[in-house]
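Trainee: I've got a protein model open and I'm not sure where to start. Could we go through it together?

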Amino acid sequence: MATLHQTSTTFPFKSALFISFISISLFHFLTPSQKTLTLSHHNATPNNTKSTTKYIVRFTEYRKAEHLRQYLESRVKCGGWEWIERRNPAMKYATDFGVVAMEESQRERLIGEIGRLAMVKDVNVDLSYERDLLGINGGGAFVDGKKRPGKIFTSMSFNEGEHYAMAATSNSSIHWGRRLLMQKSQVTSLFGADVLWAKGHTGAKVRMAIFDTGIRSDHPHFRNIKERTNWTNEDTLNDNLGHGTFVAGVIAGQDLECPGFAPDTEIYAFRVFTDAQVSYTSWFLDAFNYAIATNMDVLNLSIGGPDYLDLPFVEKVWELTANNIIMVSAIGNDGPLYGTLNNPADQSDVIGVGGIDYSDHMAPFSSRGMSTWEIPHGYGRVKPDVVAYGREIMGSKISTGCKSLSGTSVASPVVAGVVCLLVSVIPESSRKDILNPASMKQALVEGAAKLAGPNMYEQGAGRVDLLESYEILKSYQPRASIFPSVLDFTDCPYSWPFCRQPLYAGAMPVMFNATILNGMGVIGYVKSPPTWHPLSEEGNLLSIHFTYSEVIWPWTGYLALHMQIKEEGAQFSGEIEGNVTATIYSPPAPGEKGPRSSTCVLQLKLKVVPTPARSKRVLWDQFHSIKYPPGYIPRDSLDVRNDILDWHGDHLHTNFHIMFNMLRDAGYYVETLGSPFTCFDARQYGTLLLVDLEDEYFQEEIEKLRDDVISTGLGLAVFAEWYNVDTMVKMRFFDDNTRSWWTPVTGGANIPALNELLAPFGIAFGDKILNGDFSIDGEQSRYASGTDIVRFPRGGYVHSFPFLDSSESGATQSVLLTSGMTKADSPILGLVEMGEGRIAVYGDSNCLDSSHMVTNCYWLLKKILDFSSANTRDPLLFSDSAKQDAALYIDDNQLPSRRTDVNFSLYSAVVRKDLICRSDSRFEVWGTKGYNLHVRGRNRRLPGYSVIDLGRGLNSTVDTSSLRRPKFTEKSKGDSSGNSYWGMLYGDEHDVPVLVASHWLVPVAVSITGLLLFLSIWRIRQRRRPRRRGSGSVRLSNL
């Protein structure tokens, strides 16, 4: 019996062991080959995993570098890292960061261990910067479709002897005929600097920091070079490019041919760029810390780019200005395009400078358009702050002599020189009591001369007026103010876009975002909610809600007005005037007993008209737009190879500003929707306009839009963009700046999401990338990287044209004209009546976007709106030949699919977010789910995504070339980072995405089942063993 019993218990145990082995084997073989979600190195190829990467470890307090090193060494237990000693002038001062080199194999563990330490704020890659100072290669971060080394910067280039042409997309017309007298004029005399020189003000005892390429110690143009410091890895203090020398010459040169504004200014030359024009964040952080420690007064920074989320850099700029250093920076050379403001000049605590020519016209290269930090879910601030002459300015050459250069990088040192001269006006003993970044900006913007042609988002306050600012500072007392201080709907074109469209009852709130300048102290508070004071009874028809900074720091904050006309004003026509007041207070200055207080005033003069007819009201969807940063959103036209990011805001008042003007000229009233579709009343609008959208949609939005069109008669006009998984995969690039692979978050538009939205109407787009010219009714148009229509209902009208499908050859960074490509008729325009409403879809939006437009299609947009809003049918668009006798249709599995290897929730306002009506919707639905929705809505999740936050880094994708381990997410401490194990379950990257669950669900289920069976039988066997031992002992004793 004993033998039989032994056999019966061993068999199931071995069987369970065998099943478990098979299950684990299945898990291994059924799961696709593992890919590492790792980031590669700056100093190695992406596949090299033995190299080291430098990281910046930021601490919560300042200590000597040696103390911080010892702190890490005593607490970080695992190896694979090394403290990098930084030998530069800042080493004798305390610091708030360190640089460590980490081995690839230990990186994730080290980041986690270091990031959890009490004194550590966060861990970031040591970013590299590169720019083209002299315009040799055209500037910018992308050349011929390829990413250049370094941080993403726009074209901050200087241009010598180049004659700029006016772009067709500008609002201004510029006459470039220069008067001979102007050609040789000194920029200092144009601003009246000689008047202040005669009064003895020459910039004496003003410490000016010039962050650039250095300067030569024996340059004959400078009498007061106090210190030259080198922050690069090159062993020289000299300027071998000429850029830093030129900037210094404009500020403080003494040569009679090219004099600077403040010749007695003390020059501190910070060499932060190498001869190859490369820099790193750690170099800037050390140099910034040194500028703080050595009490600089003014700092000029002629760099910039679209990335306002480089936190170590941006936050150090805040700290710098908080330490009472006045920073001046160029607004960028990416004009005449709108939405192109560069960081850090777009920060409210920095003086951002645009460029004009000698005729007081905007220079076409000057970046413009409101700041884009706040959109798509808000409204930007007025920038630049001021403009200055920036074309053919004379400055010092690298060793001797003078030359002329152009660019906002020239205009920036012009204003920096003006600032140095103004600082020297204030006695040195009281400078720090009066002068700070806010008070200097107040003097500049209040003294500026408003130009006749440009609007506020082109010129800011206007051209700098040195003498007016001088008069303001002479009698200045610390106070707070609002910039701009006036919003006048009757002042066109300066108050564009507000002067182009009046207010009326029932509209979405009109938002105006002003800047609070607090000259009383680095920190301040709004004492109580701002107040609206109408000047007449009609002013009570205006309702204003305010949002504003809870803490005003450093020196600046925001005050946003959300303006609505009350329903009782539906028939009112006229003007409303009044003032908005806000009281600001700051802690007392040394020697003062009570807090400082100041009341700011914003003057309003608004035009109001009766509520327009429904057919004339168009609602623009801003809510579903995503831009760079934080995601890699690719450009809409693949023909454009030197500007691959979609970073201009995609707003009515940035890169769609010409379209906005056209619609107003055509009699349409265009409002902005910054919240989900549940937050607007469809009965008020003729058409909902969807253009170039990248985000997902809540299920509630899909259902409401279906009802709005079919039952409520809402018109729907959709302008889509390309979406092709092959192209997206091949567009990815390795960025040595962040040591990671960047892949597009989506295509030019999010076609899978749009197809879900349009599914109730039987409409869908495909994944072709179409290019070509076509004509309708004599109107020539360019179809630039648009998509095709693959589903459309019977009875609708569809227009097809023979285009080149560049997706067939997997074209990515350029459109390759190969013999393998064929032209075939592709449907691109569809129009159909659907219930009570009407729908029009078009596969390209590039013809509406002024950024890289080849030809516009405003004529088509007007015909579409005439149909969707008023059922006015153009005979050519609704010809019998275009009518569909049978529906266009393809199977679901042929429709474009989402990529499942991108954590879309990092960029989306929908995925894993609550459906909520924001402060840019009608007041009555603020904070709710929307009209007729009284229950809490669920979060939106994409098919194939778990509820777990993947926690991946910016634009990171699965890397097939790395080792098998989870990817490290480069984030700050507060970010989600607990799901790195999820990355172990990913297999090879597919050109066509499959659901995440399909990679692992079946093998995991089989494996778990086998293991459970094994454990159950093992436990039974363990329980039986004591009984067998006991019975055996009894038998032995009985014997």
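Here are some questions and answers about this model, which is predicted.

Trainee: Let's start with strand 3. Is strand 3 (residues 95–103) largely enclosed or not, and why?

Mentor: Look at how many of its residues are hidden. A residue counts as buried when its relative accessible area is under 20%. Eight of the nine residues of strand 3 are buried, so the rest of the structure leaves it largely enclosed.

Trainee: Which residue of strand 3 is the bridge partner of T53?

Mentor: Begin with the strands. Strand 1 (residues 52–63) runs antiparallel to strand 3, and eight bridges join them. For T53, the bridge partner in strand 3 is M102.

Trainee: And which residue in strand 3 is the bridge partner of W81?

Mentor: Now turn to strand 2 (residues 81–84), which pairs with strand 3 in the antiparallel sense over four bridges. We just saw M102 as the partner of T53. The strand 3 partner of W81 is also M102.

Trainee: There's an open sheet of nine strands too. Which are its edge strands?

Mentor: Read along the order, 28-27-29-30-39-38-37-34-35, where the pairing is mixed. An edge strand pairs on one side only, and that picks out strand 28 (669–673) and strand 35 (779–786).

Trainee: How much are neighbouring strands of this sheet turned against each other on average?

Mentor: Here the direction of each strand is ignored. On average, the turn between neighbours in this sheet is 25 degrees.

Trainee: In that sheet, which residue of strand 39 does L716 stand opposite?

Mentor: Strands of a sheet pair through backbone hydrogen bonds, either parallel or antiparallel. Strand 30 (residues 715–719) and strand 39 (residues 837–842) are a parallel pair, joined by four bridges. Opposite L716, in strand 39, stands I839.

Trainee: What angle does helix 19 make with strand 39?

Mentor: Helix 19 (residues 858–870) packs on the sheet and touches several strands, including strand 30 and strand 39. Compare its direction with that of strand 39, and you get about 160 degrees.

Trainee: What is the largest C-alpha distance among the "active site" residues?

Mentor: The unreviewed UniProt entry puts that annotation on D212, H243 and S409. They're spread over 198 residues of sequence but cluster in space, with a largest C-alpha distance of 11.1 Å.

Trainee: Is D212 buried or exposed?

Mentor: D212 sits in strand 8 (residues 207–212), and a polar atom of its side chain lies 3.5 Å from the backbone nitrogen of G244. Its relative accessibility is 0%, so D212 counts as buried.

How values were computed
Residues are numbered from 1 along each chain as its sequence is written. This is a predicted model: local features need pLDDT of at least 70, side-chain atom pairs count only at pLDDT 80 or more; totals for chains, interfaces and linings use all residues. Side-chain values use heavy atoms; hydrogens and water are left out. Buried means under 20% relative accessible area, exposed over 50%, partly exposed in between (1.4 Å probe, protein chains only). Helices (H or I, at least four residues) and strands (E, at least two) are DSSP runs, numbered from the N terminus. Two strands pair if DSSP finds at least two bridges between them. Axes are lines fitted to C-alpha atoms, for helices over the stretch in contact, and angles run from 0 to 180 degrees between N-to-C directions. Contact means heavy atoms within 4.5 Å. UniProt positions are given in the numbering used here, feature names are shortened, and annotations may be inferred rather than shown by experiment. A polar contact is a pair of N or O atoms within 3.5 Å; within protein, one must be able to donate a hydrogen and the other to accept it, and residues adjacent in sequence count only if both atoms are side-chain atoms.
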